[in-house]
Amino acid sequence: MSGIRRVASAVAAAALLAPAVVLATAGPAAAAADAVAAGGYSAVIKRTSYGVPHISAANIGSVAFGQAWAYAEDRFCDLSDQIVKVRGERSRWFGPGADNANLATDFAYGSLGLYDRARAQLAQLQPEELQIVNGYVRGYNAFLATKGAARVPGWCAGQPWIGPITNVDLLAYERDIALLASGGALLAPIAAATPPSTVAPPVSAAQVRSGVEQLTQQDKKLSSNGWALGADKTQTGKGMLIGNPHFPWEGELRFWESQLTVAGNVNVYGASLGGLPGVQIGFTDKVAWTHTIAAGSRYTFYLMTLDPSSPTKYVVDGRSESMTGKSVTVKVKQADGSLQSVTRTMWSTRYGPVLDLSAIDPSLGWNGQTAISYRDANIDNDRLTRVWWNMARATDVNGLRASIGRDQGIPWVNTMATDSAGNALYLDSSPTPNLSPSAIAEWSSNPLGLLDGSNSANAWVVAPGARSPGLVPFAQQPQLVRRDYVLNSNDSHWVPNANQFLTGFTPLQGPEGAPLTVRTRQNFKLVNSVAKFDLAGLATTILSGDTYTAAQVAAATVTACRARGTTPVVVDGTSVDVSPGCTVLATWDKQFELASRGAVLWRETVGAVVANNPDALNEAGALFGVPFNPADPTRTPRGGPASSGELLAGLARGMLRMRAVGLALNVPLSQVQYTVKNGQKIPVPGSTENIGIANMAQYQPLPGSSLEPFMDPGTFVPGSDLTDKGYVVNYGTSFLLTLAYTSSGPSAKCILTFSESGDRTSSHYIDQTQLYSQKKLRDCRYSDSAISADTQSVELIAATS
């Protein structure tokens, strides 16, 4: 094996905080064996091309130890930063923050009580869970002890807040991950809630609005595409999978790739979130799965009627109840570097924390008559450590489904899975409030799903089979197995296959009978464009530059603007001759490839139409002519509109936007859309949700909660996501997995679009990004022979307990 670097590391692995050293006096292998015999940990990390680690160990604790070590080599700073956040120590290290953002986060986490819950969870972990948690924490701490804070890789090197983590830290952060689609978006409203006449550090209204929009607006959510193909849809007669999560390219929510192997126990390859041991999207030799953000609600809001005698009392069924007050103290760094303690009482009702949503509507604040509270479906989710490990031991999709139903720990995603026998599974097991029919009617009638908290009939209904009291039981959640295909692109469970609808579920699980997004419609168009797929066709199809809007409407736009000639279109008081834009669109290849000339103009045209007509993508009128048909949801709305006025106005505005930043109307996409790595602009293919493309690429101003400096998108053109720097990409296709089961086992190609390492000095900080720019995937090395043939380095790490 040429070019292999063998490193035997006798590491100082913490028994939580106290290090102990393994001496390699009898050679690395003997030292590793001694460490395990002493109750410690040992793992082998082989890295193949592009820095992908393949971690093997003799037991589950040791493989978690090795995973954490390898993760720390690549992304140490991401987890370290997040532990500071969930501890409520941002203000301690960074001051109160702009608009008291750090103070708000710290008080909200104190109110949620993640650490109290984590301590209780630690005492009740199953033996294997405890081994996983212990191993992961020790691996992360061992890496830190070996490198030292000044020499850890990444943006945080040398920072004073770097330090060892504990089991409780890790479990508390896993709770934070579970709350991503519920309480995690409500930190600002929690921190803003104070009784009338009580003075507290102010919380930015923009922070409150951003959090609520993240929950209530689909286009603000993280997104993905997931396909599971069965035997009837594949050339091999076995299962195939596309895992295409659209996640951030910056911050703590970046995926990280690895393989974990314990002989006779588990052998799984795929992508993970930092701080969550195991593989969350991936495959084994028998089963493969992916996830997409589910469309349902993981919480309910409650309007509380207050007792006139006190703003911290409320009424339920005519009886007064006292809120629960919790004193939270936060240490705040001052301008001179000193620390000042700030204490607040955070309040909760029987449902959960009190919120201040007055930034959304003044009546939704905490006043003398009412207050808002909420209940969280994932606050009690203590299963994240175990659920994906157990999924990785399933031998078919039915076993995988049974495993998910047994653990019920998947927090906010749909699951699509396939197996070597050619079965395809769709499942939405996301924890969902179980409401009575009358409560559902009330929930459905309010834009925020606001329930009357003074009526106990609106409480969650306890039913057998649910992970926690008040959730919809697993057996009553949407699930389906087929032999052709299932897919999801963040619409609800309603249409997992163009020929089979899932109906009759609570609307809190997701809407039924509603229009699908243009991205979902495009995914159905793509999956049905091929009779039977091979492995190469999976990547070609999902990365297609074809879009739903261009295929349906671009020709109609050209026809309308040609008919208009040079007669100006007046938009916002400006006369625009759209004929030059018409010429560009007429010669455009209707693709969003890097060489495509006209793609930028089309994106701006559609964006302008949607900005003026928010429902244009879901109903006939401004963009489409054929209205939505609930009997044909994957192909409607479609076709050019009856009237071209809004299309031409959108074209005119799109031309003005491009000219405002000095772009030629026929500029190739490659010159406008890119990401930045070490100062290098790397062109990125794809486009945004509104265009109706499977391969998403866009900018998110808040790609996560990390304090890592993010890319500068430039100055935005009013009403557009175009800036004076073009389209800077920090979000979209992230870990792309394409897999086919064959007679000789799994065959997979994949790519981590932003690359494996977060260390700017690493050769694996930019390499896969450059590959993705060319729409090239690489082999996922799964078998021992494939790994051995491509091994670039080997590390043997060992530590006592």
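These legends go with close-up views of a predicted model.

**View A. Helices H6 and H7 cross at about 105°.** Here we zoom in on H6, residues 127-147, where it packs against H7, residues 167-178. Their axes sit 9 Å apart. Angles of 65 to 115 degrees count as roughly perpendicular, so that's the label for H6 and H7. On the H6 side, the contact comes from Val133, Asn134, Tyr136, Val137 and Arg138. H7 chips in with Asn167, Leu170 and Leu171. Sorted by class, the contact between H6 and H7 has five nonpolar residues, two polar ones and one charged one.

**View B. Strands E31 and E32 make a hairpin.** E31 covers residues 735-742 and E32 covers residues 745-752. The two run antiparallel and are paired over eight bridges, with two residues between the strands. For one pairing to look for, take Leu736: its bridge partner in E32 is Ile751.

**View C. E32 also pairs with strand E33.** E33 is made up of residues 778-779. Its pairing with E32 is antiparallel too, over two bridges. Look for Lys749, which stands opposite Asp779 of E33.

**View D. Asn390 and its surroundings in helix H10.** Asn390 belongs to H10, which takes in residues 384-391. Its side chain makes a polar contact with the side chain of Arg393, at 3.0 Å. Leaving aside residues up to four places away in sequence, Asn390 touches Glu128, Ser403 and Asp407.

Note on methods: Residues numbered from 1 in each chain as written. Predicted model: local features only at pLDDT ≥ 70, side-chain atom pairs only at ≥ 80, totals over all residues. Heavy atoms only, no water. Axes fitted to C-alpha atoms, helices over the stretch in contact; angles between N-to-C directions. Helix = DSSP H or I, 4+ residues; strand = E, 2+ residues; numbered from the N terminus. Parallel < 35°, antiparallel > 145°, perpendicular 65-115°, else oblique. Contact = heavy atoms within 4.5 Å. Nonpolar A, V, L, I, M, F, W, Y, C, P; charged D, E, K, R; others polar. Pairing = 2+ DSSP bridges. Polar contact = N/O pair within 3.5 Å; in protein donor to acceptor, adjacent residues only side chain to side chain.
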